[in-house]
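Reader: Please present the model and take me through its symmetry, its helices and its interior.

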2 protein chains.
Amino acid sequence: MSSKPILWNFFRSSASWRVRLALTLKSIDYEYKPVNLYTGEQLTEEFAQVNSKQEIPVLEIDGLRLTQSLPIIEYIDETRPQEPRLIPQDPVKRCKARMIAEIINSGIQPYQNTNVLKRLVNEIGEEKKNEWLKFYLTKGFKAIEAALVETSGKYCVGDDITIADLCLVPQVYAANRFNVDLTNFPHVLRVNSELEKLPAFHKCHAHRQVDTFSELREN
Amino acid sequence: MSSKPILWNFFRSSASWRVRLALTLKSIDYEYKPVNLYTGEQLTEEFAQVNSKQEIPVLEIDGLRLTQSLPIIEYIDETRPQEPRLIPQDPVKRCKARMIAEIINSGIQPYQNTNVLKRLVNEIGEEKKNEWLKFYLTKGFKAIEAALVETSGKYCVGDDITIADLCLVPQVYAANRFNVDLTNFPHVLRVNSELEKLPAFHKCHAHRQVDTFSELREN
């Protein structure tokens with residue numbers, strides 16, 4: 001743990017944003033290396049040296065190069081057990097937090113990533129792509145809302161921050177960006193609004209990173 | 001833990017198959033409740049009483065109804081710590097096993113599920129659907145192969161069964177079913193073939209379940 005962790009990421013990538021949150025909540029200082037997904041910087045020879053899978057986020061920590069946001073967050077929480085615990089200690093709460101994280105990670109995000117959207121625009125056009133987005137995001141948010149009715153307190157699972165919250169905020173941002181209506185999901189909106197008040201969530205927001213496009217930048 | 005766990009699942013669903021493997025490897029007896037995804041049984045009012053998200057697998061255990069295969073497997077391993085440990089004890093191995101599981105769970109499976117494939121056939125036709133499948137499966141298997149080069153021993157991560165193995169076998173089956181060529185992925189094929197020799201993997205195979213279609217049934 002001698003050298004500072006390095007995070008290869010992109011301001012708008014949901015998975016990157018989750019890892020920024022984990023590092024920030026755990027007070028782990030890190031070097032931010034931007035990889036622009038829009039210009040395809042992840043596909044360069046140079047980045048292939050960092051990650052042959054040519055995907056972000058990549059976290060270099062403890063001499064390892066880790067990929068996949070949820071396993072990275074589990075690793076950070078296991079090796080840095082200081083508060084807040086991102087994975088609850090109680091087995092039932094752990095399972096619920098992971099379940100909500102997975103509804104987003106495997107149930108929504110794969111249908112909205114940059115690569116898929118580009119492919120869909122080419123194959124079925126802009127309008128049908130938007131229908132696709134609306135369908136999968138609405139389906140996913142229905143599942144999150146149903147889960148939050150049972151599990152939420154102030155945050156997704158009770159009153160403590162968990163891995164589920166790290167996934168929720170970037171997903172709500174994505175829904176707004178894609179003009180998906182969330183008014184039927186009051187638990188989602190309430191929890192998201194509580195989370196946005198927290199300093200770590202303010203700091204890690206897509207619009208406040210070094211690589212945020214200037215027209216999107218907020219203070 | 002007085003009553004027998006119940007697993008709502010479908011013989012061919014990858015996520016169901018992973019949970020069957022976890023229960024079987026842990027020697028946990030369970031009741032198999034078939035839900036036919038092809039006839040849309042998961043969309044009935046009756047099944048909505050079991051899971052309002054209308055998805056499988058659902059595991060009823062310890063008075064809980066759990067969804068999402070990876071969190072279910074983590075829960076089983078945490079609450080039934082007998083060997084085999086499906087999540088390794090070492091933090092680095094844990095992370096690697098989860099990473100491979102996620103490459104499959106969030107990086108491949110969402111692009112091949114029944115709902116998505118039906119939608120794609122309607123929108124872009126059979127041929128383009130097959131190109132889509134080939135693209136996402138090949139991309140995913142490249143990532144798995146690259147990971148296995150570093151992590152595999154006899155199985156995905158060293159010489160012990162992990163959550164990664166539970167995801168690999170159903171994914172290889174799916175690739176074969178969709179005619180995706182795996183000859184460029186020798187580590188995948190080798191590990192898969194080792195796993196198929198194990199009694200639990202034989203027992204949990206899609207072609208040996210009570211709801212397996214008769215034309216597919218094997219002994």
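**Symmetry, core and a loop residue**

Author: Chain B superposes on chain A with an RMSD of 0.0 Å after a turn of 180 degrees and a shift of 0.0 Å along the axis, by least squares on the C-alpha atoms of residues with pLDDT of at least 70 in both. The model is predicted, so local features need pLDDT of at least 70 and side-chain atom pairs pLDDT 80 or more, while totals for chains, interfaces and linings use all residues. Residues are numbered from 1 along each chain as its sequence is written, chains are lettered from A and ligands numbered from 1 in the order written, and side-chain values use heavy atoms, without hydrogens and water.

Reader: Which relation do the turn of 180 degrees and the shift of 0.0 Å describe?

Author: Two copies of a chain are related by a rotation about an axis and a shift along it. Here the turn is 180 degrees and the shift 0.0 Å. That is the relation of a two-fold axis.

Reader: Which residue of chain B comes closest to the rotation axis?

Author: The distance to the axis is taken at C-alpha, and the closest approach in chain B is 2.1 Å. The residue is Ser106(B).

Reader: How far apart are the end C-alpha atoms of helix 4 of chain A, and what span is expected?

Author: Helices are DSSP runs (H or I, at least four residues), and strands are E runs of at least two, numbered from the N terminus. The expected span is 1.5 Å times one less than the number of residues. For the 15 residues of helix 4 (residues 91-105) this gives 21 Å, and the end C-alpha atoms agree with it at 20 Å.

Reader: How many residues of helix 4 of chain A are buried?

Author: Buried means under 20% relative accessible area, exposed over 50%, and partly exposed in between (1.4 Å probe, protein chains only). The buried residues of helix 4 include Arg94(A), Met99(A) and Ile104(A). Helix 4 is largely enclosed by the rest of the structure, because the buried count is 11 of the 15 residues.

Reader: Is Asn36(B) buried or exposed?

Author: Asn36(B) lies in the loop between strand 2 (31-34) and helix 2 (45-50) of chain B. Its side chain reaches the backbone nitrogen of Tyr38(B) at 2.8 Å and that of Thr39(B) at 3.2 Å. Since its relative accessibility is 18%, Asn36(B) counts as buried.

Notes. A polar contact is a pair of N or O atoms within 3.5 Å; within protein, one must be able to donate a hydrogen and the other to accept it, and residues adjacent in sequence count only if both atoms are side-chain atoms.
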